[in-house]
Amino acid sequence: MVQGMADIAIIGLRILLSFYAVFIVYHIFASMRRHKRPEKPLLMLYNRRFDIKIPVLFWENSIGRSKRSDIVIEDGTVSRNHCVLLRRKAGWFINDTGSKSGTKVNGKKTFGRTQVFIDDVITVGGTSLKLLRGEEYDEDIRPSWFFSKASRKPSVSSALLLILVNLFHLFMTAEICITTNSLNTNALLIFGAVTVFSWVIYAFSYGVFSRKNFELEALALWLTGLGSLLLVEQDMSDALVQVASAIMGAVLYMAMLMFIKNPDRVIKWRWAIMIAAVGFLAVNLIFGTIEYGAANRIYIGGISVQPSEIVKIAYIFVGAASLDYLQTRRNFLEFIIFSALCVGALALMGDFGTALIFFITFIVISITRSGDYKTVILALVGATFAVLLVLNFKPYIAERFSIWGHALDDPYNLGYQQAGTLTSIASGGLFGTGVGSGNLRYYGASETDLVFGIVSEEMGLIIAITIAIAICGLVFYARAMTTRSRSTFYSISATCAATLLLTQMCLNIFGCTDILPLTGVTLPFVSAGGSSMLSCWGLLAFIKAADERTYKAG
């Protein structure tokens with residue numbers, strides 16, 4: 001009788017958790033979509049030639065003849081990318097971007113960044129633009145399908161959103177206790193640690209940094225807690241490391257938000273960050289320990305560190321800063337060389353999954369602002385040649401390709417991980433077999449490479465797909481924020497960080513399900529791995545910074 005009631009309770013919990021996960025993710029993105037931007041433009045530009053007023057909507061505004069410019073000037077004497085009007089703490093500035101005719105302020109040609117004031121006249125080519133204060137603007141300001149439900153209030157309050165996340169983790173903990181027929185102290189410890197950790201972040205966000213929104217943090221905390229609780233019955237030490245890494249990741253997240261608050265500071269530090277990143281990879285090449293065919297880890301006092309995960313953050317820093325700098329100096333060569341060094345070092349380590357993530361991010365950075373398709377084509381040709389060399393000189397990589405798409409034909413040898421994952425996903429069904437009761441957790445690297453299969457088997461396909469949709473949603477959110485960011489750096493870095501997380505997720509999910517070759521990358525926030533967790537929280541800072549509500553105006 002007691003056992004029957006326990007069985008009914010655990011089935012009910014599985015069904016509840018599945019639909020509750022959908023409910024949480026829905027409300028997180030519903031709150032994001034209700035972000036209402038200020039209705040009044042920051043400034044107005046009066047075009048004397050056509051007697052029209054042009055709203056200045058962003059903190060950085062490209063001005064030129066190109067249709068891609070933020071402020072388009074229909075004048076043949078204006079260069080395609082003529083200048084940039086930008087706002088900083090000290091005020092508004094105009095910066096010529098190498099135009100043919102130059103940029104003038106009150107009739108005087110400008111050199112470098114020049115401060116401008118209300119009633120000043122900026123001359124670009126044969127067009128004069130007078131700076132006026134922002135005023136109500138009747139036309140629709142850059143409507144976006146993502147923000148179609150704009151409102152001054154979120155769908156639920158930030159505190160309630162966090163409570164919903166905590167309740168999910170509580171129900172998950174209860175499921176573990178019922179499954180193990182005991183008051184599982186390990187699960188209770190991890191639940192308590194994640195709950196305290198989440199409210200400390202909330203307190204810092206609202207009490208110390210005066211943030212206006214908490215959706216991104218809530219999503220990261222939901223995924224972090226879910227992944228940590230999955231590890232309880234597999235390896236408690238890994239679960240503790242996961243929570244500790246998340247805490248350090250949150251500290252890094254807060255520190256990064258403070259550091260990149262000033263876009264000009266990022267530009268100045270890009271060389272130092274670039275050198276530090278190359279140094280990390282060099283240390284990895286020299287002292288790396290080979291595991292699963294890749295020397296992408298080093299051990300310091302028994303603690304495993306994966307430098308390439310930290311370099312992901314530096315890569316976004318340097319790429320976005322370099323591309324932002326293109327608005328004033330068209331020199332993309334430094335980033336190309338940096339990219340080649342990073343991808344080359346990762347290839348020498350045998351970490352081809354991370355190398356592919358870096359390469360795709362490079363492609364995104366290349367075309368985001370500059371539209372440099374020639375560089376992209378050249379990079380694709382070079383990558384194809386590199387892949388052929390890898391397949392020739394790294395036989396074990398070729399073996400992965402040989403089993404790709406045929407894992408079920410060799411389930412006990414080369415395809416055992418993928419075949420086991422597919423079988424586990426099928427056995428889990430929609431609602432799972434129960435946390436801690438799956439068979440896939442006994443496979444090699446299950447807590448990292450195959451974690452999507454563990455989620456599917458033990459928590460059900462609904463939750464597994466919901467996780468994938470949530471990470472995909474970050475890309476749409478970051479893309480929507482590009483027209484609302486204070487700086488081009490924020491727009492580029494947010495888009496690239498979200499793309500990197502999406503690429504990493506796709507390689508993990510499609511690799512373990514035999515849609516793509518298994519590359520050994522982690523599922524963001526969910527897979528075990530301290531360095532990966534640190535990296536994910538750091539990348540989240542770029543997306544957060546793109547939201548114009550993150551920093552106070554000034």
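C506 is partly exposed in this predicted model, with a relative accessible area of 22%. C472 falls into that class too, as its relative accessibility of 27% makes it partly exposed. The sulfur of C472 has its closest cysteine sulfur in C506, but the two sit 5.9 Å apart, so the distance is too great for a bond. Seen from the other side, C506 takes part in no disulfide, and its nearest cysteine sulfur is that of C472, 5.9 Å away. A disulfide here would call for sulfur atoms within 2.5 Å. The count for the whole structure is 0 disulfides.

Stepping back to the chain as a whole, 55% of the 554 residues count as buried. The secondary structure adds up to 16 helices and 14 strands. Long-range contacts carry a good share of the picture: of the contacts in the chain with a separation of 6 or more, 69% are between residues 24 or more positions apart. On the outside, the chain exposes about 23700 Å², and 65% of that area comes from carbon and sulfur atoms.

Now to the strands. An open sheet is built from 6 strands with antiparallel pairing, in the order β2-β1-β11-β10-β7-β8. Its edges are β2 (52-56) and β8 (108-109), each of which pairs on one side only. At the β2 end, strand β1 (residues 43-47) runs antiparallel to β2, and 5 bridges join the two. Within that pair, N47 of β1 faces I52 in β2.

Further along the sheet comes strand β10 (residues 121-124). Which residues of β10 point which way, and are they buried or exposed? V121 and T123 point to one side, I122 and V124 point to the other, and all are buried. β10 has antiparallel partners in β7 and β11. Strand β7 (residues 103-105) is joined to β10 by 3 bridges, and V105 has I122 as its bridge partner in β10. Strand β11 (residues 127-133) is joined to β10 by 4 bridges, with V124 standing opposite T127. β10 and β11 make a hairpin with 2 residues between them, and G125 in the turn shows a positive phi of about 60 degrees.

Strand β5 (residues 83-88) is another well-covered stretch, with 6 of its 6 residues buried. The cover extends to both faces: C83, L85 and R87 are buried on one side, and V84, L86 and R88 are buried on the other. The two arginines, R87 and R88, thus appear among the buried residues of this strand. β5 runs antiparallel to strand β3 (residues 60-64), and 4 bridges join them. In this pairing S62 stands opposite V84 of β5. With strand β6 (residues 91-96), β5 also runs antiparallel, this time through 6 bridges. L85 faces I94 in β6, and the two strands form a hairpin with 2 residues between them.

On the helical side, α6 (residues 263-287) has 25 residues. At 1.5 Å a residue, a helix of that length should span 36 Å, and the end C-alpha atoms of α6 are 35 Å apart, so the two values agree. The helix has a kink of about 50 degrees, though, and the kink is centred on W269. Which residues of α6 are buried? They are P263, D264, V266, I267, R270, I273, M274, A277, L281 and N284.

A last stop is S456, which lies in helix α13 (residues 451-459). Is S456 buried or exposed? Its relative accessible area is 0%, so S456 counts as buried. With its neighbours within four places in sequence left aside, S456 is in contact with I425, G428, G429, G432, L461 and A464. Three glycines, G428, G429 and G432, are thus among the residues that S456 touches.

Terms used:
Residues are numbered from 1 along each chain as its sequence is written. This is a predicted model: local features need pLDDT of at least 70, side-chain atom pairs count only at pLDDT 80 or more; totals for chains, interfaces and linings use all residues. Side-chain values use heavy atoms; hydrogens and water are left out. Buried means under 20% relative accessible area, exposed over 50%, partly exposed in between (1.4 Å probe, protein chains only). Two strands pair if DSSP finds at least two bridges between them. Contact means heavy atoms within 4.5 Å. Accessible areas come from the Shrake-Rupley method with a 1.4 Å probe; for residues, only the protein chains shown count as cover. The expected span of a helix is 1.5 Å times one less than its number of residues. The bend at a residue is the angle between axes fitted to the seven residues ending there and the seven starting there.
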